[in-house]
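Biologist: Please take a close look at one part of this structure for me, and tell me how the rest is arranged around it.

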Amino acid sequence: MKIQILEETVSVIREVLRRQQKESAGEMPASALLRDDLGLDSIDLVILQVELEDRFQIRFDPLEDDFSRLFHSIGSLCEYLDGKTGGRDAYSERQSGFEEDHKENL
């Protein structure tokens, strides 16, 4: 798992917790459980899903992805994101290309 993906994922989780007016845990290790340790409920997880899709420019597939497994812990989510983005380098390249393709809309 790439540390950059972990850091960005934790950043998104903290933002979701803040917006949902929930306490943000101090440290958020990869082993932290999203529901049990961080107190995210089903609505929070949907918001988290959308935020992650926007941040990483990916889409979760409800027909193929096992959401209960993916959204179990920070680590399981990061492993999925790492695989989906092809690692941080590929994500950065896609981000640059996206910005170039949509420069007039930004």
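Modeller: In helix α1, the buried residues are I5, L6, E8, T9, V10, V12, I13, V16 and L17. This is a predicted model, and the protein has a mean pLDDT of 85, with 79% of its residues scoring at least 70. Helix α1 contains 17 residues, and its first and last C-alpha atoms are 24 Å apart, close to the 24 Å expected at 1.5 Å a residue. An α-helix has 3.6 residues a turn, so residues three or four places apart point the same way. That is worth keeping in mind when you look down the list of buried positions.

The residue to look at after α1 is Q21, which has a positive phi, near 55°. Q21 is not a glycine, and it sits in the loop that joins α1 to α2. Most residues other than glycine have a negative phi. Is Q21 buried or exposed? Its relative accessibility is 75%, so Q21 counts as exposed, the cut-off being over 50%.

Helix α2 comes next. At its start, a side-chain oxygen of D41 comes to within 3.1 Å of the backbone nitrogen of I43. With 15 residues at 1.5 Å each, α2 should span 21 Å, and its end C-alpha atoms are indeed 21 Å apart. Its buried residues are D44, L45, L48, Q49, L52, E53 and F56. Just after α2, Q57 has a positive phi of about 50°. Q57 is another residue other than glycine with such a value, and it lies in the loop between α2 and α3. At 26% relative accessibility, Q57 is neither under 20% nor over 50%, so it counts as partly exposed.

Now for the part I would look at most closely, helix α4, which runs over residues 74-85. Its 12 residues reach 16 Å from the first C-alpha to the last, close to the 16 Å expected at 1.5 Å a residue. Helix α4 is mostly covered, with nine of its 12 residues buried. Those nine are I74, G75, S76, L77, C78, Y80, L81, D82 and T85. The helix is followed by G86, which has a positive phi, near 70°.

Within α4, take S76. Its relative accessible area is 16%, so S76 falls under the 20% cut-off and is buried. What does its side chain reach? It reaches the backbone oxygen of L70, at 2.9 Å. A polar atom of the same side chain lies 3.0 Å from the backbone oxygen of S73. Setting aside neighbours within four places in sequence, S76 is in contact with R69, L70 and F71.

F71 leads from this serine to other parts of the protein. Beyond neighbours within four places in sequence, F71 is in contact with L34, L45, L48, Q49, L52, F60, S76 and L77. Of these, L45, L48, Q49 and L52 are among the buried residues of α2, and S76 and L77 are among the buried residues of α4.

F71 also belongs to the largest nonpolar core, a set of 25 residues. F71 is one of the residues with the most contacts inside this core, together with L34, L48, L52, F60, I74 and L81. Helices α1, α2 and α4 each supply at least two of the core residues. Helix α1 gives the most, with seven. In soluble globular proteins, nonpolar side chains tend to be buried together.

Finally, the setting as a whole. The protein has five helices and zero strands. Buried residues account for 37% of its 106 residues. Of the contacts between residues at least 6 apart in sequence, 58% join residues at least 24 apart. About 6,500 Å² is exposed, with carbon and sulfur atoms supplying 47% of that area.

One caution concerns confidence. Helix α2 has the highest, with a mean of 96, and helix α5 (residues 87-101) has the lowest, with a mean of 49. The pLDDT is below 50 over residues 88-96, a stretch that makes 16 contacts in the model beyond near neighbours in sequence. Where pLDDT is low, the predicted coordinates should not be read in detail.

Note on methods: Residues numbered from 1 in each chain as written. Predicted model: local features only at pLDDT ≥ 70, side-chain atom pairs only at ≥ 80, totals over all residues. Heavy atoms only, no water. pLDDT = per-residue confidence, 0-100. Helix = DSSP H or I, 4+ residues; strand = E, 2+ residues; numbered from the N terminus. Contact = heavy atoms within 4.5 Å. Buried < 20%, exposed > 50% of the residue type's maximum accessible area, 1.4 Å probe, protein only. Areas by Shrake-Rupley, 256 points an atom, 1.4 Å probe, with all protein chains shown as cover. Polar contact = N/O pair within 3.5 Å; in protein donor to acceptor, adjacent residues only side chain to side chain. Core = buried A, V, L, I, M, F, W, Y, C linked by side-chain atoms within 4.5 Å. Expected span 1.5 Å × (residues − 1).
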